[in-house]
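I opened this structure to look up a few side chains and their neighbours. My notes follow in the order I made them.

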Amino acid sequence: MLLATVIHNLWNAASMLPISINRMNELAIYPFLGITVLVVQYFIIPKTGLTGLAISFIFMDLVMLFLVFKLNYKILKNF
């Protein structure tokens, strides 16, 4: 869970650039990704317990970290 928190804080801090210049439409996948992870967690927690919960959070946060860094690169490449 600590690793998931660190990754979440990284992409959350990095997302301030697109938010500050109103390019949030590329980050609109986050609610859909969150719902998908909740559904996966519903089925995986009875089998794996809290370890599965942590792994699913890490997966979601890694996807968001990749998307946010890719968007930031695209924004900063234009400057």
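I started with Tyr-42. Is Tyr-42 buried or exposed? Its relative accessibility is 63%, so I put it down as exposed; the cut-off for that word is over 50%. I keep in mind that this is a predicted model.

Next I looked at Phe-43. Phe-43 has a relative accessible area of 56%, so it is exposed as well.

Then I turned to aromatic pairs. How many aromatic pairs does a search of the whole structure find? It finds two. One of them joins Trp-11 and Tyr-30, with 5.0 Å from centre to centre and 55° between the planes. I noted this pair as tilted. Where do its two residues sit? Trp-11 is in helix H1, residues 2-14, and Tyr-30 is in helix H3. They are 19 residues apart, and the pair links distant parts of the chain.

I checked how open each partner is. Trp-11 comes out at 6% relative accessibility, so it counts as buried. Tyr-30 comes out at 31%, so it counts as partly exposed.

Tyr-42 and Phe-43 also form an aromatic pair. Their ring centres lie 5.2 Å apart, and the planes meet at 85°. I entered that pair as edge-to-face, since the cut-off for this label is over 60 degrees.

I moved on to Ile-44. Ile-44 belongs to helix H3, which covers residues 29-48. Its relative accessibility is 28%, so it counts as partly exposed. Which residues does Ile-44 touch, leaving out those up to four places away in sequence? I found Gly-49 and Gly-52. I also took a distance to Leu-17. Ile-44 and Leu-17 are 27 residues apart in sequence. In space they are 34 Å apart, C-alpha to C-alpha.

My last stop was Asn-72. Asn-72 lies in helix H4, residues 50-77. Is Asn-72 buried or exposed? It is buried, because its relative accessible area is 10% and the cut-off for buried is under 20%. Leaving out residues up to four places away in sequence, Asn-72 touches Ala-14, Leu-17 and Pro-18. I looked closer at Ala-14. Its backbone oxygen lies 2.8 Å from a polar atom of the Asn-72 side chain.

Two items I marked for a second look on screen. One is the tilted pair of Trp-11 and Tyr-30. The other is Asn-72 with Ala-14, Leu-17 and Pro-18.

Conventions
Residues numbered from 1 in each chain as written. Predicted model: local features only at pLDDT ≥ 70, side-chain atom pairs only at ≥ 80, totals over all residues. Heavy atoms only, no water. Helix = DSSP H or I, 4+ residues; strand = E, 2+ residues; numbered from the N terminus. Buried < 20%, exposed > 50% of the residue type's maximum accessible area, 1.4 Å probe, protein only. Contact = heavy atoms within 4.5 Å. Phe/Tyr/Trp six-rings, centres within 6.5 Å; stacked < 30°, edge-to-face > 60°. Polar contact = N/O pair within 3.5 Å; in protein donor to acceptor, adjacent residues only side chain to side chain.
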